[in-house]
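Colleague: I am new to this structure and would like to go through its packing with you. Could we look at it together?

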Amino acid sequence: PPSRVAGLVVANGHRITDMSGEAFVVRLFRSGNRRGFVRAVTDRPGELTRGFHSIERAMKALMVRSLNLWPRFHLGVRANLDLHAPEVVELRQPLTPAVRRIQDAIVEVMDACMQELRRSRHVDTSELTLEAGLFKSFDRILQRQLDPVWHMVTRKLKQIVYDLRTLRNLGTYLLRYDAVTFLRHLETLRQAEGRECLWLFTDAAHVIFEQAKRRVYVLRKNGDGSEHA
């Protein structure tokens, strides 16, 4: 029961909204415990400044009254961490040849999309690097540059922006999903956006689909010479 819980510590406090699961848990906790503590932490306080009254809405959802901002270089925090230095063990799983080929093909298509973006007069090319395109913040960079002139941007350029987002997500899903789920996601993309996506008609896209199928299906020959999957 909530009355036996001492308190709650919520991670990623900048993501809390009235409809989030964490806010629902806090409401359940407060319905049976008015004395316990609620603490929310985040390493991205800048996100709380976006939108309309983001800080107030997050604090209301968490049912807290105070907000503390601590600099990353706070000496008290550093001294405490130095006393209990963690032991970090890094384990790295090598990629299979098929996954490596898919990853290389995704990067190749993203590079081609970047080259198309560089030809546009609406985009600052100094920020258009392949390395930047691999991170989610790249979407915000493009959005900031194109929002004022979005009504003047060609349909092809808009599609390239969408394609870059799709390709970056593919790179993430490649390492997160199993082979069957990733292939199903590719097939869904082809059916839903096949006529619109420009990258689906490239040679690298053929490599992505071919290697994704080889991760799932293997052709074997029977004794009579016939083949089956």
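Colleague: Which residues does tryptophan 199 touch, not counting residues up to four places away in sequence?
Modeller: This is a predicted model, in which local features need pLDDT of at least 70 and side-chain atom pairs count only at pLDDT 80 or more, while totals for chains, interfaces and linings use all residues. Residues are numbered from 1 along each chain as its sequence is written, and side-chain values use heavy atoms, with hydrogens and water left out. Taking contact as heavy atoms within 4.5 Å, tryptophan 199 touches Val109, Asp163, Thr166, Leu167, Leu170, Leu189, Ala205, Ile208 and Phe209.

Colleague: Which helix gives the largest share of the largest nonpolar core?
Modeller: Such a core is a set of buried Ala, Val, Leu, Ile, Met, Phe, Trp, Tyr and Cys residues joined through side-chain atoms within 4.5 Å, where buried means under 20% relative accessible area and exposed over 50%, with a 1.4 Å probe and protein chains only. Trp199 is among the members that touch the most others in this core of 34 residues. Helices are DSSP runs (H or I, at least four residues) numbered from the N terminus, and the largest share, nine residues, comes from α4.

Colleague: Why do the buried residues of α8 line one face of the helix?
Modeller: In α8, the buried residues are Ala179, Phe182, Leu183, Leu186 and Leu189, whereas Arg184, Gln191 and Ala192 are exposed on the other side. The buried residues pack against α4, α7 and α9. Judged by the directions from the helix axis to the C-beta atoms, they line one face because they fall within an arc of 115°.

Conventions:
Helices (H or I, at least four residues) and strands (E, at least two) are DSSP runs, numbered from the N terminus.
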